[in-house]
Amino acid sequence: MEHITLLLAIVVVTALVFDFTNGFHDTANAMATTISTGAMKPKTAVAMSAVLNLIGAFLSVEVAKTISGGIVNEDGIRTEVIFAALVGAILWNLLTWLVGLPSSSSHALFGGLIGAAVMSAGWSSINGGTVVTKVLLPAIAAPLVAGIAAMLATRLTYRINRNVTDPNQQKSTAKGYRAGQIASAGLVSLAHGTNDAQKTMGIITLALVTSGVLAPGSNPPMWVIVSAGIAIALGTYLGGWRIIRTMGKGLTDLQPPQGFAAQTSAATVILASSHLGFSLSTTQSCSGAVMGAGLGRKGGVVRWSTATRMFVAWGLTLPAAGLVGAGAEFLTKQGPWGIAVTAVILVGGSFAIWLASRREPVDHTNVNDTEAATADEPQGVVTTAMAAVAPPPTAGAVSELSTTIPAPAGAPDDTPRPAATV
């Protein structure tokens, strides 16, 4: 009994560590566009996001119930399985954070849980219908819906303001969009807390059920809700600056109207999915909205090499986290020494990734460094052609450039020509 209690405590702490990594990994979802357009200062933005993530954690438990009693069959699942699942999710989160890719923390958790459950009890332990309807289908639909909505909203925004030519009106419009960005960023943060904090609540609740502390089908206790909300808020305040740089500057160049359209579209999709109990990826929803906003502005571009690397990370998240979770479960099945080895691998791997991140640190002082964000982006034909075309000089510039060009030297018998004035 003592061993089970100690293991349960380890699982709860590990789940809160995952929640913390989820917070700083997904801060970019809410604040990347607000920071990149200058609507808010970086530290102020992450502080606001942290508070709203904490509030959002108390708004619903539908997603938590999906995870605690929907994806895997509770019967026959041991507490060690959940620990192994969290190991896979945390290591994948940290690895993608290191390279600045906005992968899905949600799918990392699902992949780790599925891989560990299959290693422990076989494929019969997985509720395939729930995985398809509430995980895989939302993973495909959410970024598409958010992207299309953001693209249409961006085009509508620019069409409405196309006749605004007065400088004072333009300044007022810009201020309005910045205020709208702040409000929509707050809505995304609230939605993120509502959806993602619940995933950790669901995992802890599942651990409590498997250890016999709670009855199957129980809602998360209040202490679970509070601790999960605090953990994700602290992680959010820390700021996942590497991923904020990728989403804010690496995918596309956003103006305040685009940022407002992207965040509003993403928040709508996330809140609707949370209400329905769909455990979708907030990262994929926000990334899709950012790309849609980039395509919605005339002359806007999406850096497809960065987007391609992001798509690859999305596709690898479930299987990669699943393999790590399965390997961790293979070790934990060996007994206490296997659990200890798994814990050492988790701590050692996390520390190694942190050390690697110190070689090229990214923080609030250099998060908007455009050159670093687009260093791996090859210059395409269209971009090169646009850069080669210089805009015509203004009237004032023409008068300043007026000069006299002497006539070219001719043959000795040529008639002298007057100098040409431009």
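Trainee: What percentage of the 422 residues in the protein is buried?

Mentor: This is a predicted model, in which local features need pLDDT (the predictor's confidence in each residue, from 0 to 100) of at least 70 and side-chain atom pairs count only at pLDDT 80 or more, while totals for chains, interfaces and linings use all residues. Residues are numbered from 1 along each chain as its sequence is written, and side-chain values use heavy atoms, with hydrogens and water left out. A residue counts as buried under 20% relative accessible area, exposed over 50% and partly exposed in between (1.4 Å probe, protein chains only). By that scale, the buried share of the 422 residues is 50%.

Trainee: How many helices and strands are there in the protein?

Mentor: Both are DSSP runs numbered from the N terminus: helices are H or I over at least four residues, strands E over at least two. One of the helices is α13, spanning residues 304-332. The protein has 17 helices and two strands.

Trainee: Why does T332 count as buried?

Mentor: T332 lies in helix α13, and its side chain makes a polar contact of 2.8 Å with that of E329. Such a contact is a pair of N or O atoms within 3.5 Å; within protein, one must be able to donate a hydrogen and the other to accept it, and residues adjacent in sequence count only if both atoms are side-chain atoms. Beyond four places in sequence, T332 touches E80, F83, G338, I339 and T342, a contact being heavy atoms within 4.5 Å. T332 counts as buried because its relative accessibility is 2%.

Trainee: Which residues are joined into one network by salt bridges that share partners?

Mentor: A salt bridge is a side-chain nitrogen of Lys or Arg within 4 Å of a carboxyl oxygen of Asp or Glu, and the count comes to two. R78 pairs with E80 at 3.2 Å, N to O, and with E329, the closest N and O atoms being 2.4 Å apart. The latter pair links distant parts of the chain, E329 being in helix α13 and R78 in the loop between α4 (62-69) and α5 (79-98), 251 residues apart. The network therefore consists of R78, E80 and E329.

Trainee: Is R78 buried or partly exposed?

Mentor: Its two partners set the context: E329 is buried at a relative accessible area of 0%, and E80 is buried at 14%. R78 has 29% relative accessibility, so R78 is partly exposed.

Trainee: What accessible area do F58, M222, V226, I230 and L234 have together?

Mentor: These residues form a nonpolar surface patch; patches take residues with over 30% relative accessible area and no salt bridge, joining like charges within 9 Å and nonpolar side chains (Val, Leu, Ile, Met, Phe, Trp, Tyr) within 5 Å. Among them, V226 in helix α9 (residues 222-238) is partly exposed at 31%. With Shrake-Rupley areas from a 1.4 Å probe, only the protein chains shown counting as cover for residues, the patch totals about 460 Å².

Trainee: Which helix has the lowest mean pLDDT among the elements of the protein?

Mentor: The average pLDDT is 77, with 79% of the residues scoring at least 70. Over residues 376-405, however, pLDDT stays under 50. Where pLDDT is low, the predicted coordinates should not be read in detail. Helix α14 (residues 336-357) has the highest mean, 92, and the lowest, 37, belongs to helix α16.
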